[in-house]
Each structure stands twice: as C-alpha cells, then as structure tokens.
Amino acid sequence: MLQQFNKILLDPPRSGAQEIVEHLPKLGVQRIVYVSCYPGTLARDAGILVHELGYRMAHAGVMDMFPHTAHVESIALFEKR
C-alpha cells in the first residue's frame, strides 16, 4: 500500500520532475508547491499536471532567492480540481 500525502513540495533539478509528477495523483496529493530554477521544465511539468493529471495552477511567481547571482526561482502552486 502506498503512503498518502495531501501536500508536497517539489524542488527538482534543471531536468524537472516529469518522472515524479505522474505518480502524485496515486499518492493522494491535492496541493503541490513546485520550485524551479529552469522555467522550461516547469512549463513542461505544468502541462502534464494541468492537461493530463487534473490539477490547476492556482498561483505562480518569481523569487530572487540568490540576490548576488543572475538566477531567479519560479514558484507555482497547483491544486487538484
């Protein structure tokens, strides 16, 4: 039996979390906070979450977590419909 989680924080590497997001509905995940250092993989994974797995993007934003660099983090909240 799989352990159930209603909330999860994802902070994947630049390659994204495609292998993981496909399993989240089976784990009972209702809310996902996705922190990304690469917008391209966030967009890809968001497409899977929204169009294939029934989540909706509730909020999104950008945060400068490392002010002495040129990098910013994209953060998105997904909720199960």
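How many helices and strands are there in the chain? Colour the predicted model by secondary structure and count 2 helices and 4 strands. Followed along the sequence, they come in the pattern β-α-β-α-β-β.

**The whole chain**

Start with everything selected. The C-alpha atoms fill a box of roughly 45 × 25 × 20 Å along the principal axes. The chain has 81 residues and a radius of gyration of 13 Å, which agrees with the value near 12 Å for a compact globule. Switch on the surface: the accessible area comes to about 5300 Å², and 60% of that belongs to carbon and sulfur atoms. Of the 81 residues, 32% count as buried. If you display contacts between residues at least 6 apart in sequence, 58% of them join residues at least 24 apart.

**Charges**

Next, select the charged side chains. There are 8 positive and 8 negative charges, and the mean positions of the two sets are 8 Å apart. Side chains of opposite charge can pair when their charged atoms come close. In this chain the count comes to 3 salt bridges.

**Stop 1: Arg-31 and Glu-79**

Select Arg-31 and Glu-79 and show their side chains. They meet in a salt bridge, with 3.0 Å from N to O. The two ends come from distant parts of the chain: Arg-31 belongs to strand 2 (residues 31-36) and Glu-79 to strand 4 (residues 73-80), 48 residues apart. Is Glu-79 buried or exposed? Glu-79 counts as buried because its relative accessibility is 17%, under the 20% cut-off. Arg-31, at 35%, counts as partly exposed.

**Stop 2: Arg-56**

Keep Glu-79 on screen and add Arg-56. The side chains of Arg-56 and Glu-79 also form a salt bridge, at 2.9 Å from N to O. Arg-56 sits in strand 3 (residues 55-63) and Glu-79 in strand 4, so this pair ties together parts 23 residues apart in sequence. Arg-56 is partly exposed, with a relative accessible area of 40%. Now show the three residues together: Arg-31, Arg-56 and Glu-79 are linked in a network of salt bridges.

**Stop 3: Arg-44 and Asp-45**

Move to Arg-44. Which residue does Arg-44 form a salt bridge with? The partner is Asp-45, and the closest N and O atoms are 3.0 Å apart. Compare the exposure of the two. Arg-44 has a relative accessible area of 32% and is partly exposed, whereas Asp-45 is buried, at 0%.

**Stop 4: Cys-37**

Finish at Cys-37. Where is Cys-37 found? Look in the loop between strand 2 and helix 2 (39-52). The relative accessible area of Cys-37 is 30%, which means that this residue counts as partly exposed. Leaving out residues up to four places away in sequence, Cys-37 touches Arg-14, Val-72 and Glu-73; select those three to see its surroundings. Then add Pro-12 and draw a C-alpha to C-alpha distance to Cys-37: the two are 8.2 Å apart in space and 25 residues apart in sequence.

Terms used
Residues are numbered from 1 along each chain as its sequence is written. This is a predicted model: local features need pLDDT of at least 70, side-chain atom pairs count only at pLDDT 80 or more; totals for chains, interfaces and linings use all residues. Side-chain values use heavy atoms; hydrogens and water are left out. The radius of gyration is taken over C-alpha atoms; the globule rule is 2.2 Å times the number of residues to the power 0.38. Buried means under 20% relative accessible area, exposed over 50%, partly exposed in between (1.4 Å probe, protein chains only). Contact means heavy atoms within 4.5 Å. Accessible areas come from the Shrake-Rupley method with a 1.4 Å probe; for residues, only the protein chains shown count as cover. Lys and Arg count as positive and Asp and Glu as negative; His and the chain ends are not counted. The place of a charge is taken as NZ of Lys, CZ of Arg, CG of Asp or CD of Glu. A salt bridge is a side-chain nitrogen of Lys or Arg within 4 Å of a carboxyl oxygen of Asp or Glu.
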